[in-house]
Amino acid sequence: MQIIKTIKEMQSLSRRLRVEGKTIGFAPTMGALHEGHLSLVRRSKEENDITVVSIFVNPAQFGPNEDFQKYPRSAEDDLQKLSTLHADAVFMPDNNEMYPEGFSTSINIGAIGEILCGVSRPGHFNGVATIVARLFNTVMPDRAYFGRKDFQQTAVIKKLVRELNFDTDIIVCPTVREPDGLAMSSRNAYLNMEERKSSLILYMALKLGEELILSRGMHDASTVKKEMATLIKTEPLVDIDYIDIVNPRNLDPVQKIMLPAAICLAVKIGNTRLIDNIIVEKS
Ligand code: AMP
């Protein structure tokens, strides 16, 4: 497994591979790898000749009062996991490499980045779009793998690729959960035992929303959201940021629910912000 620290080196490897006719699959991450990340790597291994993983905690997608400094970093562990999976290359630039002095370009993804998580994280999705564009121009992947857990992010990336003509297919992979239903996330490590217990209410609320729509035929989004909120409020440690039901294609909020629909939510448990979603589809 090759470890690559510079953009130049990564580009020349990708260029060489492409000349050789090899397909490149790419999974961008911020490290602290768990089974959710590894599922992207496995899928890429299945579908491509070469799999590249990036590890970079991107300062531009954190707000001034967010957890950039304390975000979990575990490079050695991550490399061990990736080498066990036989990833071919890991791109691990430092901050200076990605944001040299004077760097000022930013992609504004527009309104899609200002709804849902964008309301409490202004600028976050522009930071994501900018780094992903730079990573794509560095790794030049045929396919890039993203998790459905960050549902709004997948919509932002698809829009970015469509509108800037990136020659990369975006593959969205299912959310990997802990056995009790909590979506895996590097931020779960912040939760103490009590908070971890109360976090189960997220998935319970999503399953309730799904059941209200599919089994009880509820079509009114406000009523479904209200029922979900009532359930979440039974956990005193959990503060709701938002619960929304949107059209999964463009993230437009819906009043009258038609399928497929995406139920998205974000909460705070103590200082930890967690997100999750479920796509409700006809079975
Ligand atoms: P992150 O390191 O949090 O930026 O995530 C890197 C990639 O892994 C993103 O595409 C995430 O959506 C994906 N990912 C994170 N958690 C999960 C999960 N539980 N299941 C599937 N994919 C995930």
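Okay, let's start with a word we'll need: a residue counts as exposed when its relative accessible area is over 50%, and as buried when that value is under 20%. Keep that handy, and keep in mind that what we're looking at is a predicted model.

First, Asn 165. Find the loop between helix H7, residues 151–163, and strand S6, residues 169–173, and you'll see Asn 165 there. Its relative accessible area is 65%, so Asn 165 is exposed. The backbone does something notable at this spot too: phi of Asn 165 is near 55°, which is a positive value in a residue other than glycine.

Now hop over to Leu 251, in the loop between S7 and S8. Leu 251 isn't a glycine either, and it has a positive phi of about 70°. So is Leu 251 buried or exposed? With a relative accessible area of 1%, Leu 251 is buried, because that value is under the 20% cut-off.

While we're between those two strands, look at Pro 260, in the loop between strand S7 (238–246) and strand S8 (261–269). The peptide bond that joins Leu 259 and Pro 260 is cis, with omega at about 0°.

Okay, on to the sheet. It's an open sheet of 6 strands with parallel pairing, and the order is S1-S4-S3-S2-S5-S6. Which strands stand at the edges? Those are S1 (2–4) and S6; each has a single partner strand, so one side of each has no neighbour in the sheet. On average, neighbouring strands here are turned by 25° against each other, ignoring direction.

Let's zoom in on one pair. Strand S2, residues 24–29, pairs with strand S3, residues 50–55, in the parallel sense over 6 bridges. If you want a landmark, Phe 26 stands opposite Val 52 in S3. Helix H2, residues 35–47, packs on this sheet and touches S2, S3, S5 (143–147) and S6. The direction of H2 makes about 155° with that of S5. Then there's H7, which lies across S5 and S6 and runs at about 170° to S6.

Stay with H7 for a second, because I want to show you Gln 152, which is found in that helix. At 4% relative accessibility, Gln 152 counts as buried. Among the residues Gln 152 touches are Ile 112, Phe 125 and our friend Leu 251. And what does the side chain of Gln 152 reach at 3.0 Å? That's the backbone nitrogen of Cys 117. A polar atom of the Gln 152 side chain also lies 2.9 Å from the backbone oxygen of Ile 115.

Last stop, the ligand. There are 17 residues around the ligand, and the closest are Met 30, His 37, Asp 150, Val 176 and Met 184. Let's go through some polar contacts. A polar backbone atom of Met 30 is 2.9 Å from an oxygen atom of the ligand. Gly 147 has a backbone N or O atom 2.9 Å from a ligand oxygen. For Met 184, a backbone N or O atom lies 2.8 Å from a nitrogen atom of the ligand. On its own, the ligand has 480 Å² of accessible area, and the protein covers 93% of that.

So where do the shell residues come from? S2, H2 and S5 each supply at least two of them. The largest share, 3 residues, comes from H2, the helix we saw packing on the sheet.

Note on methods: Residues numbered from 1 in each chain as written. Predicted model: local features only at pLDDT ≥ 70, side-chain atom pairs only at ≥ 80, totals over all residues. Heavy atoms only, no water. Helix = DSSP H or I, 4+ residues; strand = E, 2+ residues; numbered from the N terminus. Buried < 20%, exposed > 50% of the residue type's maximum accessible area, 1.4 Å probe, protein only. Contact = heavy atoms within 4.5 Å. Polar contact = N/O pair within 3.5 Å; in protein donor to acceptor, adjacent residues only side chain to side chain. Pairing = 2+ DSSP bridges. Axes fitted to C-alpha atoms, helices over the stretch in contact; angles between N-to-C directions. Near = heavy atom within 4 Å. Areas by Shrake-Rupley, 256 points an atom, 1.4 Å probe, with all protein chains shown as cover. Lists of a residue's contacts leave out its neighbours within four places in sequence.
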